[in-house]
Amino acid sequence: MIDALSDYYSRYNSNVHRSVHTLGEEATAAYEASREKVARFVGTKAQNLVFVRGTTEATNLVRFAWGHRSVHKGDLLVTTLMEHHSNIVPWQLLAQATGARLEFVGLTQDGKLDAAKLEALLGQSPKLVAVAHSSNVLGTVNDVADICAKARRAGATTVVDGAQAVPHMPVDVESMGADFYAFSGHKMLGPTGIGGLVGKKEVLEEMEPFHGGGEMIKEVFLDHSTWNDVPYKFEAGTVNIADAIGLGAAVDYLSELGMDRVRRHDVAILKYAIETLQRVKGFRFYGPADPAARAGVLSFNLADIHPHDLATILDEEGIAIRSGHHCAQPLMKWLDIPAASRASFYLYNSPEDVDALKAGLERANEVFKV
Amino acid sequence: MSTADIYKELILDYYRNPRNFGTLQTFDIEAHDTNPLCGDEVDIQIKVGEGHKIEDIRFSGKGCAISQASASMLTELAKGKPLEWVKELSKEDIFKLLGTSDLGPSRVKCALLGMKVLKTGVYGYLGSGAEGTEPAGPS
């Protein structure tokens, strides 16, 4: 991935879709080849993949380019309590701007979506259903294909936040049936500042542009303009060429490993972590107990030690954990905790890392005299 | 010194048994702030007595040991002092209370949250804007 970035900057650093010189042609070819690869990786066609900054930009693109045309006063927007702020706040803003109302699907005690509440909200013909493929706190993997099918029958447009799923499991957006699917490069061994929004072609074509400017137009007159074809309609200005190419290299690496293997490794590490860490005094974790119902993350608390204090102590042992509200304050409130610690496992983690974390937690218990 | 050494007996004691924790029935000053990075919260209430003195003070909140212990220690120090004294208060005073300044940039914000709230409340009461407080980082 790093070589791909450096290769672009050192050998063919040039803008895309403009110049006829060799460097420009090479840059365009590499950028579009990366689009092909990344699209295939998530089970869609290149023309349905818009390169964006990340999941947050993707949901906001939908908010502006789809939402402002399609959502009206009194409409119902549905999201869930397990969402990252990036799949809540854009819909709050959309609701405020249009006069729509936003409702939340609650959770069951084991950290899964409340199916009855979802059914009830679907019965009210929502305009939008926004849901995480996998929760960044609970780790819960939602049956998004089923949710998308039900939402479609209810007449709703679906937005699936795949930021926590694409890095950890095989994803096939077309068979899932989501209208929009968003993900971020930095969680899947790619660069920061690049991600993808997959949209159904017919939905993308009906949408307004997001940013106005260069490259997103077909023709510009003094009083109006016409728009470029999708996905270019949504990629105004100079795009993030290097990082898109870098993401393509990350996807090559993951594809070579095989996402089935990545998923098996993920479940095995989670299983070992849950078994091992539960033996530490005061350890309690959030989300489903079955590792196969989870992906990637394991959020927890230790006795009465605040996660930031815990993170400070673990940092000294060379262990980096995320601590805080995880950009999921409504979920923290539901769990009735101010914050949580999170071990974010990936393909490079081994059982030895879990053992080191266990020793670190025991050390924290000593420091805090638990 | 090891970073974990900041969790001295004293800080743990104030974290688990915070002094001046709670609310006042009547008060003249109230201020609240959060540290969005940690989700630390501190509320401070003050009853102003004769000669603009801090007659009584309580804090409430939730958060890490450093934020809660430093807020609690600060209320003990502030009690009985004139309001003007709050203007003199500096981060070095807080580090002295905690017995360490070896905190790192993000944890310093935890340590100074109580002082920020106290200054906000008292400066508001005295009719001038809070100075010397840093804006919180993005969250």
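Let's start in chain B, where strand 1 (residues 29-35) and strand 2 (residues 40-49) run antiparallel and are joined by 7 bridges. Everything described here comes from a predicted model. To find your place in this pairing, look for A31(B), which stands opposite I44(B) in strand 2 of chain B. The two strands form a hairpin with 4 residues between them, and in its turn G39(B) has a positive phi of about 80°.

Follow strand 2 of chain B onward and you meet another antiparallel partner, strand 3 (residues 53-62) of chain B, joined to strand 2 by 9 bridges. Here K47(B) is a handy marker, standing opposite D56(B) in strand 3 of chain B. Strands 2 and 3 of chain B also make a hairpin, with 3 residues between the strands. In this hairpin G51(B) takes a positive phi near 65°. As you look along these strands, a general point may help: in a regular strand the side chains alternate between the two faces of the sheet.

How does chain B meet chain A? In the model, 14 residues of chain B are in contact with 13 residues of chain A. On the chain B side, the touching residues divide into 8 nonpolar, 4 polar and 2 charged.

Now step across to chain A. Its domain assignment gives domain 1 (2-257) and domain 2 (259-367). The C-alpha centres of these two domains of chain A lie 28 Å apart. Between them, 26 residues of domain 1 of chain A are in contact with 26 residues of domain 2 of chain A. The domain 1 side of that contact divides into 13 nonpolar, 10 polar and 3 charged residues.

Next, pick out a pair of helices in chain A. Two packed helices are described by the angle between their axes and the distance between the axes. Helix 2 (residues 22-41) and helix 9 (residues 241-257) of chain A pack at an angle of about 45°, with their axes 8 Å apart. That angle lies between 35 and 65 degrees, and helix 2 and helix 9 of chain A are therefore oblique to each other. Their crossing is left-handed. If you would like to display the contact, helix 2 of chain A brings residues including A27(A), A30(A), Y31(A) and F41(A), while helix 9 of chain A brings residues including I241(A), L247(A), G248(A) and V251(A). By class, this contact has 11 nonpolar, 3 polar and 2 charged residues.

Our last stop is an open sheet in chain A. Its 4 strands are arranged in the order 10-11-13-12, and the pairing is antiparallel. Why do strand 10 (283-285) and strand 12 (322-324) of chain A each have one side without a neighbour in the sheet? Both stand at the edges, each with a single partner strand, so one side of each is left free of a neighbour in the sheet. From one strand to the next, the twist averages 30°. Strand 11 (residues 297-302) and strand 13 (residues 340-344) of chain A pair over 4 bridges in the antiparallel sense, with L298(A) standing opposite A343(A) in strand 13 of chain A.

Two helices accompany these strands. Helix 10 (residues 259-277) of chain A packs on the sheet, where it touches strand 10, strand 11 and strand 13 of chain A. The direction of helix 10 makes about 10° with that of strand 11 of chain A. Helix 11 (residues 307-316) of chain A lies across strand 11, strand 12 and strand 13 of chain A, and runs at about 155° to strand 12 of chain A.

Methods
Residues numbered from 1 in each chain as written. Chains lettered and ligands numbered in written order. Predicted model: local features only at pLDDT ≥ 70, side-chain atom pairs only at ≥ 80, totals over all residues. Axes fitted to C-alpha atoms, helices over the stretch in contact; angles between N-to-C directions. Parallel < 35°, antiparallel > 145°, perpendicular 65-115°, else oblique. Left-handed = near helix turned anticlockwise from the far one by under 90°. Contact = placed C-beta atoms within 7 Å. Nonpolar A, V, L, I, M, F, W, Y, C, P; charged D, E, K, R; others polar. Pairing = 2+ DSSP bridges. Domains from an automatic or database assignment.
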